[in-house]
Every structure is written in C-alpha cells, then in structure tokens.
Amino acid sequence: MLSLTVTAVVFGVVFLAELPDKTALAGLMLGTRYRASYVFAGVAAAFLVHVVLAVAAGSVLTLLPHRLVQGIVGVLFLLGAAMLLLKKDDGEEEQARKPADQSFWKVAGSGFMLILVAEFGDLTQIMTANLAARYDDPLSVGVGAVLALWAVAALGILGGRTLMKYVPLRLITRVAALLMLALAAFSLYEAVA
C-alpha cells in the first residue's frame with residue numbers, strides 16, 4: 001500500500017537534492033535544442049531505470065539488522081550532505097551529441113543515454129537506496145523518487161532558466177544538505193538508541 005507521507009518525504013528530499021545537479025542543466029540544454037516532449041520521454045525513462053535499481057539495492061539493505069541499517073543509512077546521509085556542501089560550482093554542463101535530426105527516437109535516445117550515464121551512482125540514486133532501506137516501503141519510496149526526478153527534469157527542460165533567476169542554486173543546495181543532515185541525525189539516533 002502506498003504511504004503518502006513516505007512518498008512526500010522522499011519527493012521533497014530527492015527533488016531538492018536533484019535541482020542543483022548537472023542533469024537539470026543537461027535537461028535545460030536539451031530542452032532548448034529539441035522538442036521538449038521528446039527530451040522528457042528519454043530523460044523520464046532513464047530516471048525510472050535508476051530508481052528501480054536504487055530501490056532494489058535499498059530493499060536488500062532491509063535484510064540486515066535494523067540498528068546496522070540505520071547506522072549505515074545515517075553515515076550515507078552524512079556523506080551525501082557533505083557532497084552537497086563541498087561540491088564546487090564550476091558551471092560545467094554535460095554536453096550531449098546533437099542528433100542528426102529531430103525524430104522522436106533520436107532525441108529521446110540522446111536524453112535517455114545522457115541521463116543514464118550521468119546519473120549512475122549519483123547522489124540522488126544513493127539517497128533513494130538509503131530511503132528505501134530507511135522506510136522499508138519500496139513502492140512509496142520509488143513513486144516519490146520517480147515523481148521528484150521527473151519534476152526536476154520537467155523544470156529543467158521547460159523552465160530552468162526562469163527558476164534559477166528567482167531561486168539561487170546555492171540556497172537550494174544548502175536546503176537539500178540541511179534536510180540530509182536532519183535525516184542522518186535521526187537515523188544515527190535510531191541506530192544507537
């Protein structure tokens with residue numbers, strides 16, 4: 001059964017962590033060159049693959065003793081927060097090879113491959129695995145993570161430039177890091193309590 005609370009928490013955490021990520025910029029770049037619906041189809045399919053893999057990995061962690069899992073999850077959330085806070089803003093954007101034409105399969109395929117490669121082992125994939133282990137609710141975590149990633153992709157493709165004019169990237173990164181620190185503290189508390 002789907003838990004709206006877990007889905008909402010996962011959505012918020014993954015959404016905030018993914019906003020400052022390079023894939024939002026890649027989606028923006030592809031969206032300015034090609035038909036947005038074609039780009040979104042490819043990007044959305046790649047994110048779905050990543051979430052399925054992350055939830056499966058997180059579900060395996062639930063087979064371990066609860067205290068050990070909470071300790072691992074807490075440490076991984078701390079590492080994720082550190083990655084967000086210490087990452088350099090070098091302004092690099094992933095460059096995709098420009099498809100020869102604007103056909104659906106060429107554009108969607110380019111978006112799919114770009115995200116599939118760029119996101120493998122990414123912070124949000126690791127976070128999704130952590131959240132799947134933390135909540136032991138693969139469906140709710142999967143739905144929340146997929147919806148968050150799709151929302152960020154849509155924002156990046158359709159309105160990334162406008163959003164970044166009003167909300168500084170540094171602020172978004174800091175809020176995501178603070179949420180991860182809170183989740184880390186809670187998980188570590190449960191591991192030792």
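## Starting at helix α1

Let us begin with a simple check on helix α1. Its 15 residues should span 21 Å at 1.5 Å a residue, and the C-alpha atoms at its two ends are indeed 21 Å apart, so the helix agrees with expectation. The structure you are looking at is a predicted model, and helix α1 (residues 4–18) is where confidence is highest, with a mean pLDDT of 92.

Which residues of α1 are buried? They are Val6, Thr7, Val10, Val13, Val14, Phe15, Leu16, Ala17 and Glu18. A general point helps when reading such a list: an α-helix has 3.6 residues a turn, so residues three or four places apart point the same way.

## The whole protein

Stepping back, the protein holds 8 helices and 0 strands. Read from the N terminus on, its elements run α-α-α-α-α-α-α-α. Of its 193 residues, 45% count as buried. The protein exposes about 9,900 Å², and carbon and sulfur atoms supply 70% of that area.

How do contacts spread along the chain? Among those between residues at least 6 apart in sequence, 92% join residues at least 24 apart. Some examples of such distant pairs appear further on.

## How confident is the model?

The mean pLDDT of the protein is 79, and 80% of its residues reach 70 or more. Confidence is lowest in helix α2 (residues 22–33), where the mean is 70. Over residues 90–97 the pLDDT is below 50, and this stretch has 14 contacts in the model beyond near neighbours in sequence.

## Helix α6 and the residue after it

Helix α6 covers residues 123–135, which makes 13 residues. From its first C-alpha to its last, α6 reaches 18 Å, close to the 18 Å expected at 1.5 Å a residue. How many of its residues are buried? The count is 11 of 13, so α6 is mostly covered. Among the buried ones are Leu123, Met127, Leu131 and Ala132, along with polar names including Thr124, Gln125 and Asn130.

Just after α6 comes Asp136, placed in the loop between α6 and α7 (138–166). Its phi is near 50°, a positive value in a residue other than glycine. For context, most residues other than glycine have a negative phi. Is Asp136 buried or exposed? Asp136 counts as exposed because its relative accessibility is 53%, and the cut-off for exposed is over 50%.

## A nonpolar patch on the surface

Which residues form the nonpolar patch on the surface? They are Leu78, Leu85, Leu86, Leu178 and Leu181, with about 470 Å² of accessible area together. The elements giving two or more residues to this patch are α4 (66–86) and α8 (169–192). The largest share, 3 residues, comes from α4.

Leu78 is one of the patch members, and its place is in helix α4. Leu78 has a relative accessible area of 37%, so this leucine is partly exposed.

## Ala81, a buried residue of α4

Helix α4 also holds Ala81. With a relative accessible area of 1%, Ala81 is buried, because buried means under 20%. What does Ala81 touch? Leaving aside its neighbours within four places in sequence, Ala81 is in contact with Ala177, Met180 and Leu181. Leu181 also belongs to the nonpolar patch. The C-alpha atoms of Ala81 and Ala184 are separated by 8.7 Å, although these residues are 103 apart along the chain.

## Leu48 and Trp105

Leu48 has its place in helix α3 (residues 36–61). At 39% relative accessibility, Leu48 counts as partly exposed. Not counting residues up to four places away in sequence, Leu48 touches Val146 and Trp150. Its C-alpha atom is separated by 9.5 Å from that of Val143, a residue 95 places away along the chain.

Our last stop is Trp105, which lies in helix α5 (residues 104–119). Is this tryptophan buried or exposed? At 72% relative accessibility, Trp105 counts as exposed. The C-alpha atoms of Trp105 and Ala41 are separated by 9.7 Å, with their positions 64 residues apart along the chain counted as the distance apart.

Note on methods
Residues numbered from 1 in each chain as written. Predicted model: local features only at pLDDT ≥ 70, side-chain atom pairs only at ≥ 80, totals over all residues. Heavy atoms only, no water. Helix = DSSP H or I, 4+ residues; strand = E, 2+ residues; numbered from the N terminus. Expected span 1.5 Å × (residues − 1). Buried < 20%, exposed > 50% of the residue type's maximum accessible area, 1.4 Å probe, protein only. Patch = residues over 30% accessible without salt bridge, like charges linked within 9 Å, V, L, I, M, F, W, Y side chains within 5 Å. Areas by Shrake-Rupley, 256 points an atom, 1.4 Å probe, with all protein chains shown as cover. Salt bridge = Lys/Arg side-chain N within 4 Å of Asp/Glu carboxyl O. pLDDT = per-residue confidence, 0-100. Contact = heavy atoms within 4.5 Å.
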